[in-house]
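Please find below a colleague's note on the side-chain contacts of this model, set out as numbered points. The points deal with charged pairs and then with aromatic rings.

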Amino acid sequence: NNAGEQTPRVNILNIKTYDITSNGFSVPSDEFLNPQDYLPANTPSSLQNYYVYDNDSLNGVLNFGRMDDIRNINIGDTTLPIPTGLDGKQQLGSVNCTYSRFPDRPGSSAWNKDGTGSGVIGDGSPSGANNHFYTTKNPTDFNSYVFQNCSNLTSISMYASRMDGFFPKLVGNNSLSSIDLRSTSIEGGRPQDVSANGGQHGRRYIMWNDTFEDAQNISSILIRSNVLGRDIGEYDPVTQTYSKAAFEGATFNLPSLTELEILCPEKRIRGEFFDPSQSPALQRLISYSTGWGLDISGGTTCPSFAGNPSIVYVDLTDNQFSGNLALNNLPNLAEFYIGSNILDAITGWDQLPKLEYVTVSSNASLGPDLPNFSVGSPNIRNLGFNNCNFTNYTVGTFATCTRIRVVDLSNNNFNSNAIDNILTDLIANYNAAPRSGVTINLRNNAPPTVVYVQVPTVNISMD
């Protein structure tokens, strides 16, 4: 533990890797603060890797303007800001700021709330965010993005850091494959630019159609923030509030995207949902309890996944998705969760050979027809179709689903005849593949009539 001490001094002209991970240094040595004082004129440093992770109190403004060969930076779990001078660093491959406690930036934030400020009314930062993705607290154009034109940058990790404010247009990040903004305070929106923003304020959308214009190779986008979508959307100058926060329509038109997580536990993303079919390689989509459709009368339309043949996992639980659900010809879909929404009907359930877990519970109007699982998803294991409005059951729906472990159809409106048919099919199902630990919940439907179950007996001699 070297708390209060300066980091080790080195010759930055020739050093390639600087690694002081997991110590207690608090002050960067001067050659990283003022490299121009330690390098010959017009000569860059040979530094390639800078690793200072887990030096909790380490704080100072690093200057990487002369680090032309820098490739990997890890300043996670420190109090360092993102180094200056990274714009255009062609060799930079990864930046890890996990658990970084970026320092507050001085000064007040600019917000054009009433038309007297800069840009279109609604522009700026109402929350006073620091905007650490930019070189200044109040960026007024896209050119101050800290990683601009880093053409070989593949990974940006800001997990559990103090990253906040605007999400940048990823200018010149042609090789970017992943960005992790989980457990941050990112809001979305971007700086004012009347031309690029089509005459709208920069907070109109969380992200825009051209946000990933240069980053078409990205495969993983992970965002979890309690303030994602805060003060984003349509602006009302009378109340000085924003509503219907959402992503511009073609934001995720990304051919290589396989993993997309968008979470806001405070449910601030209350506008229209995007079309996932724009990401044809998508495998995982997670956006539960985020607020989709809450600012729209009647909710936001339930997405179709017809353009997502690779989709494996979907969780859109606890939003305001409405309309009809159709799941057809999705050969890789294994888990699907869309409970606690306002869906009306299931209009498609076919060719789902790998589907094992599905929940549509607590869609109060969802019905009347229960899908035919034996035909559409014969390998189903867990079914949560409770607290809906299903009334119709097709004979044979459960008969051949011999991997079933849990069926919850409680709190629907099945009549006695439907319950009889369900029980008959489930008995046939069990007899075809006897097994223990199967749970069936049919509470709060009509009672069955008389269902005879023959239980075999065995005579056991006590002699």
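1. A salt bridge is taken here to be a side-chain nitrogen of Lys or Arg within 4 Å of a carboxyl oxygen of Asp or Glu. In this structure, which is a predicted model, a search of the whole structure on that basis finds 18 salt bridges.

2. One of the salt bridges joins the side chains of Arg101 and Asp77, with an N to O distance of 2.8 Å. The pair links distant parts of the chain, since Arg101 belongs to the loop between β4 and β5 while Asp77 belongs to the loop between β3 (72–74) and β4, 24 residues apart. As for burial, Arg101 counts as partly exposed because its relative accessibility is 30%, whereas Asp77, at 15% relative accessibility, counts as buried.

3. A salt bridge is also formed by Arg203 with Glu187, whose closest N and O atoms are 2.9 Å apart. Both residues lie in the loop between β7 and β8 (220–225), so the pair ties together parts that are 16 residues apart in sequence. Arg203 is buried, with a relative accessible area of 0%, and Glu187 is likewise buried, with a relative accessible area of 2%.

4. Between strands, the side chains of Arg224 and Glu261 meet in a salt bridge at 3.0 Å, N to O. Arg224 lies in strand β8 and Glu261 in strand β11 (residues 259–263), so this pair ties together parts that are 37 residues apart in sequence. Arg224 is partly exposed, with a relative accessible area of 27%, while Glu261 is buried, with a relative accessible area of 9%. Elsewhere, Lys169, Arg190, Asp210 and Glu213 are joined into one network by salt bridges that share partners.

5. Turning to the rings, a search of the whole structure finds 29 aromatic pairs. Among them is the edge-to-face pair of Tyr134 and Phe166, with 6.2 Å from centre to centre and 85° between the planes. This pair links distant parts of the chain, with Tyr134 in the loop between β4 (94–96) and β5 (155–157) and Phe166 in the loop between β6 (164–165) and β7 (178–186), 32 residues apart. Tyr134 and Phe166 are both buried.

6. Ring pairs also link a cluster, whose members include Phe133, Tyr145, Phe147, Phe167 and Trp292.

7. Two arginines are placed over tyrosine rings: the charged end of Arg204 sits over the ring of Tyr205, 4.5 Å from its centre, and Arg284 lies over the face of Tyr313, at 4.6 Å from the ring centre.

Technical notes. Residues are numbered from 1 along each chain as its sequence is written. This is a predicted model: local features need pLDDT of at least 70, side-chain atom pairs count only at pLDDT 80 or more; totals for chains, interfaces and linings use all residues. Side-chain values use heavy atoms; hydrogens and water are left out. Rings of Phe, Tyr and Trp (its six-membered ring) pair if their centres lie within 6.5 Å; planes under 30 degrees apart count as stacked, over 60 as edge-to-face and the rest as tilted. Helices (H or I, at least four residues) and strands (E, at least two) are DSSP runs, numbered from the N terminus. Buried means under 20% relative accessible area, exposed over 50%, partly exposed in between (1.4 Å probe, protein chains only). A charge sits over a ring if NZ of Lys or CZ of Arg is within 6 Å of the ring centre and within 35 degrees of the ring normal.
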